[in-house]
Amino acid sequence: MRAHLVALVLISVLPAGCVGAAALAWSYQQTRVASIDSARSEARALRQAVDGVLNSSIAGLQVLVASPTLDAMPAMDASALDTFRAHATRALALQGADSMALSDTEGRQLVNTRRPLGTPLPPHGLRPLQRRVIESGRPIVSDVFMDSALQRRLVAIEVPVRHGDKVQATLGMGLALERFAALIEERQPPWPRTVVILDRAGTVIARSQEDERHMARSEPGRKAAHGLIDAIARAPEGILNTETLDGVPVLTAYSRSANGWTITVGVPRAALLPSLHLWTAGAAAVLVGVLAAWLLTRRIAAAVGALVEPATALGAGRPVTLRIPPIKEAAAVARAIERASKLLLLRTGERDAATYAAQHDSLTGLANRHALLKRTTEALQACSAAGSPLAVLFIDIDDFKPVNDDNGHAVGDAVLRDFGARLRAGVRAHDLVARLGGDEFAVLIEGHSAREAKSIAAGLVDRLSRPYAIGPRTVCVSACVGIAGYPEDGVTAAELMTAADAAMYRAKAAGKRGFAMSGPAPLQ
């Protein structure tokens with residue numbers, strides 16, 4: 001086979017080299033121009049999406065400040081403040097915002113949606129921004145800042161509250177950086193392009209990760225390269241050679257938005273070459289077909305054809321069936337494919353087992369805490385977009401420790417398995433049931449509010465509190481259930497789990513074998 005290939009190369013290389021050399025430069029230039037045009041279009045499109053989010057948020061705040069409840073500014077009574085806080089809280093879900101705060105011109109907060117009305121409120125956290133709003137009388141979008149209370153980076157939007165011609169107060173709203181990272185993920189820029197959203201100071205708000213399988217929120221708060229910041233200051237749009245935050249050389253297209261933010265789309269310079277390699281391979285294949293000696297191709301085709309079925313089976317993950325080719329080297333490749341197939345099937349089984357173990361509880365086979373939090377976070381994003389409810393049930397076994405102490409851990413494990421099976425049978429097939437550890441379980445119920453989940457909780461308490469037949473023993477335990485719902489009890493997976501856990505402990509304190517709603521609702 002080697003002699004055949006050497007002869008084929010000698011026949012092909014001279015004419016193919018002349019044509020290929022001329023084509024390489026042309027193909028590279030065409031690829032570069034197309035990449036620049038595509039990157040510029042992507043930057044402009046994302047710029048419009050970012051402006052849309054910011055302008056929509058500004059419009060939402062301006063609708064709120066037009067509320068009749070603010071007509072009494074600056075002297076609003078507690079009833080008016082409470083009414084306005086209720087309006088602002090409802091608006092949060094529609095805006096996808098983190099919080100809202102109403103402040104007077106001295107920086108004193110009058111309403112903060114994070115805190116109940118009547119509790120002491122901190123002073124305005126961005127006084128320079130508020131002063132600019134008061135002085136200009138127009139909405140202003142901040143750069144990225146660290147919220148000391150939440151220990152997370154946010155972007156603030158502040159609008160003036162007018163009484164006549166005078167600014168009497170300001171209304172601010174905090175937006176999580178994940179809101180802008182989601183814009184990048186929704187547009188799904190073609191890999192391996194690096195998309196970055198920068199604020200006016202050149203700080204990263206959101207960035208796509210350079211991995212074609214995962215678009216992720218990456219390194220907010222870092223500064224862009226100085227060369228890029230300088231270029232943005234000189235012109236609202238442009239193209240330049242720079243590097244990513246990871247040091248990858250890129251050809252970057254950038255576009256500055258009306259709010260002063262900038263969107264950059266970087267194309268790795270190395271990515272401009274693969275198309276040339278593909279073109280060269282295709283041209284060589286054509287020349288081989290024209291110039292190669294037909295007497296040589298018959299034997300090679302037979303040898304290569306014998307590898308098609310094993311290679312196809314390997315790609316599909318099926319066991320390989322060998323037909324040994326007539327050429328020694330091709331036969332060695334076929335046997336190597338067979339060995340690779342066996343190893344691939346083994347590694348695939350090991351990977352699937354490891355993936356399952358990472359997402360499931362080994363004793364009950366239910367989802368584990370990690371899987372529950374991941375699924376809850378994904379469900380909350382869908383609920384926020386669709387405006388639909390969601391409920392989390394936190395379930396604990398009453399007096400489980402004596403089961404282990406009196407009967408041994410084998411019986412205790414059997415009770416936990418049966419408990420998990422009853423819990424799984426007591427909810428819908430698509431509801432996620434998880435064991436959090438020990439005798440604690442949880443259920444994610446999508447499409448139901450906390451109040452709608454009360455009947456489910458009542459049925460589970462009855463089902464889970466019936467005696468358990470474990471071999472010759474009968475074990476009696478009961479269950480307590482805590483209920484929390486989105487958005488009234490929390491807007492993150494951690495907040496909902498904490499609220500449901502607290503409700504469960506209220507149920508235990510009331511006498512066990514029962515359920516309780518999160519918040520001030522009475523025990524059931």
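**Pockets, helix packing and a mixed sheet**

In this predicted model, the largest pocket encloses about 1600 Å³ of space. Its lining comprises 40 residues, and those closest to the centre of the pocket are Gly 96, Ala 97, Ser 384, Val 491 and Thr 492. Four helices each supply two or more residues to this lining: H2 (78-95), H4 (178-187), H9 (369-386) and H13 (493-509). Sorted by class, the lining of the largest pocket consists of 16 charged, 15 nonpolar and 9 polar residues.

For the second largest pocket, the volume is about 470 Å³. This pocket is lined by 23 residues, with Gln 109, Arg 114, Gly 125, Phe 145 and Asp 147 closest to its centre. The elements that contribute two or more residues to the lining of the second largest pocket are strands E1 (99-104), E2 (109-112), E4 (145-147), E5 (152-163) and E6 (166-176). By class, 11 residues of this lining are nonpolar, 8 are polar and 4 are charged.

Strands of a sheet pair through backbone hydrogen bonds, in either a parallel or an antiparallel manner. An open sheet of 5 strands is found in the order E13-E14-E12-E17-E18, with mixed pairing. Strand E13 (432-437) and strand E18 (514-517) occupy the edges and have a single partner strand each, so one side of each lacks a neighbour in the sheet. From one strand to the next, the twist averages 20°. Within this sheet, strand E12 (residues 390-398) and strand E17 (residues 478-486) run antiparallel and are joined by 9 bridges. One of the residues involved is Ala 391, whose bridge partner in E17 is Gly 485.

Helix H9, which also contributes to the lining of the largest pocket, lies across E12, E13, E14 (440-446) and E17. The direction of H9 is at about 20° to that of E14.

A further packing arrangement involves helix H11 (residues 409-425) and helix H12 (residues 454-464), whose axes are 10 Å apart and make an angle of about 145°. The crossing of H11 with H12 is right-handed. On the H11 side, the contact is made by Phe 419, Arg 422, Leu 423 and Ala 425, which meet Leu 460, Arg 463 and Leu 464 of H12. The residues of this contact comprise 5 nonpolar and 2 charged, with no polar residues.

Notes:
Residues are numbered from 1 along each chain as its sequence is written. This is a predicted model: local features need pLDDT of at least 70, side-chain atom pairs count only at pLDDT 80 or more; totals for chains, interfaces and linings use all residues. Side-chain values use heavy atoms; hydrogens and water are left out. On a 1 Å grid over the protein atoms alone, a cavity is a set of points where a 1.4 Å probe fits but cannot get out, and a pocket is an open set with protein on both sides within 12 Å along at least five of seven lines; lining residues have an atom within 4 Å of a point. Grid points are joined across faces, edges and corners, and a volume is the space filled by probe spheres set on the points. Ala, Val, Leu, Ile, Met, Phe, Trp, Tyr, Cys and Pro count as nonpolar, Asp, Glu, Lys and Arg as charged, and the others, Gly among them, as polar. Axes are lines fitted to C-alpha atoms, for helices over the stretch in contact, and angles run from 0 to 180 degrees between N-to-C directions. A crossing is left-handed if the near helix is turned anticlockwise from the far one by less than a right angle, and right-handed if clockwise. Contact means heavy atoms within 4.5 Å. Two strands pair if DSSP finds at least two bridges between them.
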